[in-house]
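Reader: Could you walk me through this one before I set anything up? I'll ask as I go along.

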Amino acid sequence: KRILDLQEQLVSARESMRHAATHDSLTGLMNRGEILAMLQRELERARRERKPVGVVLGDVDHFKSVNDTLGHLFGDEALREIGRRLRTQLRVYDGVGRYGGEEFLMVLPNCDLPNALLRANGLREIVASTPVVCSGEERLITMSMGVAVSGSDGKNELETLLNQADAGLYAAKEKGRNRTEHFTPASKKTAAAHTRKS
């Protein structure tokens, strides 16, 4: 029995270590490395099956102001709550991860552009539906969403897709925030011009 208990503890410890290595400690979502690995796997599967993969890059609007006015504890709770809201709205085979800071990356297998835009807009609306509450304070939090969909067979497809989602996100920020925009050649030029200026 002692040996079985020890083995169970070892298995549990290994599982905890694996989870810690692949998940964000604050939100419990996949971390950047894990969500990118999932996106890579889905792109390879999509190439074989000739199906699209939708990508949504979401960024919390005015997050610095949330931290500055309500404190980092509230900011942390806001990120946790946003993570919960995003996760509840996704299908079991979709993925969501904390991409960095206040950015979240959603991977939507077998999702073309119209559907990806619909899904992203639904996610944006659920985040903004009710205020985040923490320690007696409350604030309505909104997100801007950038959407891109795979289609090419290029080797740099993952990087291209992320750049396109980022260009869509930048367009959403430029057009007033709390909205969803998708990649277009025009949004790419605008984002590139902004990058050169800053």
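Reader: Let's begin with the sheet: how many bridges join S1 to S6, and do they run parallel or antiparallel?
Author: Seven bridges join S1 to S6, and the two strands run antiparallel. One of the facing pairs is valine 60 with methionine 143, the latter in S6. Please keep in mind that this is a predicted model.

Reader: And which sense does S6 take with S7?
Author: S6 and S7 pair in the parallel sense, over three bridges, and within that pairing valine 147 has histidine 182 of S7 as its bridge partner.

Reader: What about S1 and S3, parallel or antiparallel?
Author: Strand S1, residues 53-60, pairs with strand S3, residues 103-109, in the antiparallel sense over seven bridges. Glycine 58, for instance, has phenylalanine 104 in S3 as its bridge partner.

Reader: So what is the order of the strands in the whole sheet?
Author: The order is S2-S3-S1-S6-S7, which makes an open sheet of five strands with mixed pairing. Strand S2 (95-100) and strand S7 (180-182) are the edge strands, and because each has a single partner strand, one side of each is left without a neighbour in the sheet. From one strand to the next the twist averages 25 degrees.

Reader: Is S6 itself buried or exposed?
Author: Six of the seven residues of S6 are buried, so S6 is largely enclosed by the rest of the structure.

Reader: Which strands does H5 lie across?
Author: Helix H5, residues 113-127, lies across S1, S3, strand S6 (143-149) and S7, and its direction is at about 165 degrees to that of S6.

Reader: Switching to packing, how many residues are in the largest nonpolar core, and which have the most contacts inside it?
Author: That core has 27 residues, and those with the most contacts inside it are Val60, Ile82, Leu86, Phe104, Met106 and Met145. The elements giving two or more residues to it are S1, helix H3 (63-70), helix H4 (72-89), S3, H5, strand S4 (132-134) and S6. H4 supplies the largest share, five residues.

Reader: Say I pick leucine 86, what does it touch?
Author: Once residues up to four places away in sequence are set aside, leucine 86 touches Val96, Phe104, Met106, Leu123, Val127 and Met145. Apart from the core just described there is another one, of 19 residues, and its members include Met30, Ile35, Leu158 and Leu162.

Reader: Where does leucine 36 lie, then?
Author: Leucine 36 lies in helix H2, which covers residues 32-49. Beyond its neighbours within four places in sequence, leucine 36 is in contact with Tyr99, Leu105, Leu158 and Leu162, and two of those, Leu158 and Leu162, are among the residues of the 19-residue core. As for a residue it does not list there, the C-alpha atoms of leucine 36 and threonine 180, which are 144 residues apart along the chain, are separated by 21 Å.

Reader: How many aromatic pairs does the structure hold?
Author: The structure holds zero aromatic pairs. Tyrosine 99 does have a charge over its ring, however, since the charged end of arginine 32 sits there, 4.0 Å from the ring centre.

Reader: Changing topic to the backbone, which residues have a positive phi although they are not glycines?
Author: Arginine 177 is one of them, with a phi of about 70 degrees, and asparagine 178 is another, with a phi of about 50 degrees. Arginine 177 is found in the loop between helix H6 (157-174) and S7, and asparagine 178 is likewise in the loop between H6 and S7.

Reader: And how accessible are those two?
Author: Arginine 177 has a relative accessibility of 34% and therefore counts as partly exposed, while asparagine 178, at 29%, also counts as partly exposed.

Reader: Last one, for the whole chain: how many helices and strands, and what are the box dimensions?
Author: The protein chain has seven helices and seven strands, and along the sequence they follow the pattern α-α-β-α-α-β-β-α-β-β-β-α-β-α. Its C-alpha atoms fill a box of roughly 65 × 50 × 30 Å along the principal axes. Of its 198 residues, 43% count as buried, and among contacts between residues at least 6 apart in sequence, 68% join residues at least 24 apart.

How values were computed: Residues are numbered from 1 along each chain as its sequence is written. This is a predicted model: local features need pLDDT of at least 70, side-chain atom pairs count only at pLDDT 80 or more; totals for chains, interfaces and linings use all residues. Side-chain values use heavy atoms; hydrogens and water are left out. Helices (H or I, at least four residues) and strands (E, at least two) are DSSP runs, numbered from the N terminus. Contact means heavy atoms within 4.5 Å. Two strands pair if DSSP finds at least two bridges between them. Axes are lines fitted to C-alpha atoms, for helices over the stretch in contact, and angles run from 0 to 180 degrees between N-to-C directions. A nonpolar core is a set of buried Ala, Val, Leu, Ile, Met, Phe, Trp, Tyr and Cys residues joined through side-chain atoms within 4.5 Å. Buried means under 20% relative accessible area, exposed over 50%, partly exposed in between (1.4 Å probe, protein chains only). Rings of Phe, Tyr and Trp (its six-membered ring) pair if their centres lie within 6.5 Å; planes under 30 degrees apart count as stacked, over 60 as edge-to-face and the rest as tilted. A charge sits over a ring if NZ of Lys or CZ of Arg is within 6 Å of the ring centre and within 35 degrees of the ring normal.
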